[in-house]
Amino acid sequence: MYRISELEEIMDEHTVYLVRLAFYYTKDLHAAEDIVQDVFIKFFKQNERYEERGLLKAYLKKVTVNKSLDYLRSWNYRKVQFQNKLSFIKIETQEDSLILNDENTLIGKAILELPLKQREALIYYYFEEWTIAEISDFLLIPKSTVKTRLRKGKELLRSKLEGIEWEVLLNE
């Protein structure tokens, strides 16, 4: 069983990474923060039953991904998506045009608009710098499926980002 100080250290060490991971799935910072909070609550409640069989980070990552996927299947997520579509027109007209034209913002936005399967493959491969084997093991899918998702994701990005020279898209 962990002491309070150890639990605080675990939170300090893993919170930023887990929020970013949950955000990759949900595309909503508040939802990502809520998911990570739920992950830590679950971990703390099951603290006595948690057996150290591997890296704690891997365990927390898996729980975060599962909770993110649960959120995407939830009624609340569908309701929020509908509300966001209604308010998007207002937000876009109020945004600073320099921010909208920023290349990194456009690439990030394009990646977040991809279907989940392609989005997670691209994020793990390019941003987390995982190997195809690591992605395959984590997602419990064959390596060939990971390769297919990466290829399809790059094709979708290429069509969304015409005119932007992102080195990942230029090398293929």
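The exercises below, each followed by a worked solution, concern a predicted model.

**Exercise 1.** Describe how helix α1 and helix α3 pack, and state which residues make the contact.

*Solution.* Begin with the two helices themselves: α1 covers residues 4–26 and α3 covers residues 56–73, and they pack at an angle of about 35° with their axes 9 Å apart. Next, consider the handedness of the crossing of α1 and α3, which is right-handed. Then turn to the residues that make the contact, which include Ile10, His14, Tyr17 and Tyr25 on the side of α1, and Leu60, Lys61, Val65 and Leu72 on the side of α3. Finally, sort the contact of α1 with α3 by class, which gives 12 nonpolar, four polar and two charged residues.

**Exercise 2.** Find which helix gives the largest share of the largest nonpolar core, and then list the contacts of Tyr25 beyond its neighbours within four places in sequence.

*Solution.* The largest nonpolar core has 39 residues, and Ile10, Tyr25, Leu60, Tyr124, Leu139 and Leu157 are those with the most contacts inside it. Several helices supply at least two residues each to this core, among them α2 (29–45), α7 (116–127) and α9 (143–160). The largest share of the core, however, comes from α1, with nine residues. As for Tyr25, once its neighbours within four places in sequence are set aside, it is in contact with Val65, Ser68, Leu69, Leu72, Leu116, Arg119, Glu120, Tyr124 and Leu139. As a general background, nonpolar side chains in soluble globular proteins tend to be buried together.

**Exercise 3.** Decide whether Leu140 and Ile141 are buried or exposed.

*Solution.* Leu140 and Ile141 both lie in the loop between α8 and α9. Leu140 has a relative accessibility of 69%, and because exposed means over 50%, Leu140 counts as exposed. Ile141 has a relative accessibility of 16%, and because buried means under 20%, Ile141 counts as buried. Not counting residues up to four places away in sequence, Ile141 touches Ser136, Val146 and Arg149.

**Exercise 4.** Work out whether Lys154 is buried or exposed, and name the side chain with which its own side chain makes a polar contact.

*Solution.* Lys154 is placed in helix α9, and with 10% relative accessibility it counts as buried. The side chain of Lys154 makes a polar contact, at 3.2 Å, with the side chain of Tyr126.

**Exercise 5.** State what is notable about the phi of Lys27, and where Lys27 lies.

*Solution.* Most residues other than glycine have a negative phi. The phi of Lys27 is near 60°, a positive value in a residue other than glycine. Lys27 lies in the loop between α1 and α2, and at 34% relative accessibility Lys27 counts as partly exposed.

Definitions and conventions:
Residues are numbered from 1 along each chain as its sequence is written. This is a predicted model: local features need pLDDT of at least 70, side-chain atom pairs count only at pLDDT 80 or more; totals for chains, interfaces and linings use all residues. Side-chain values use heavy atoms; hydrogens and water are left out. Axes are lines fitted to C-alpha atoms, for helices over the stretch in contact, and angles run from 0 to 180 degrees between N-to-C directions. A crossing is left-handed if the near helix is turned anticlockwise from the far one by less than a right angle, and right-handed if clockwise. Contact means heavy atoms within 4.5 Å. Ala, Val, Leu, Ile, Met, Phe, Trp, Tyr, Cys and Pro count as nonpolar, Asp, Glu, Lys and Arg as charged, and the others, Gly among them, as polar. A nonpolar core is a set of buried Ala, Val, Leu, Ile, Met, Phe, Trp, Tyr and Cys residues joined through side-chain atoms within 4.5 Å. Buried means under 20% relative accessible area, exposed over 50%, partly exposed in between (1.4 Å probe, protein chains only). A polar contact is a pair of N or O atoms within 3.5 Å; within protein, one must be able to donate a hydrogen and the other to accept it, and residues adjacent in sequence count only if both atoms are side-chain atoms.
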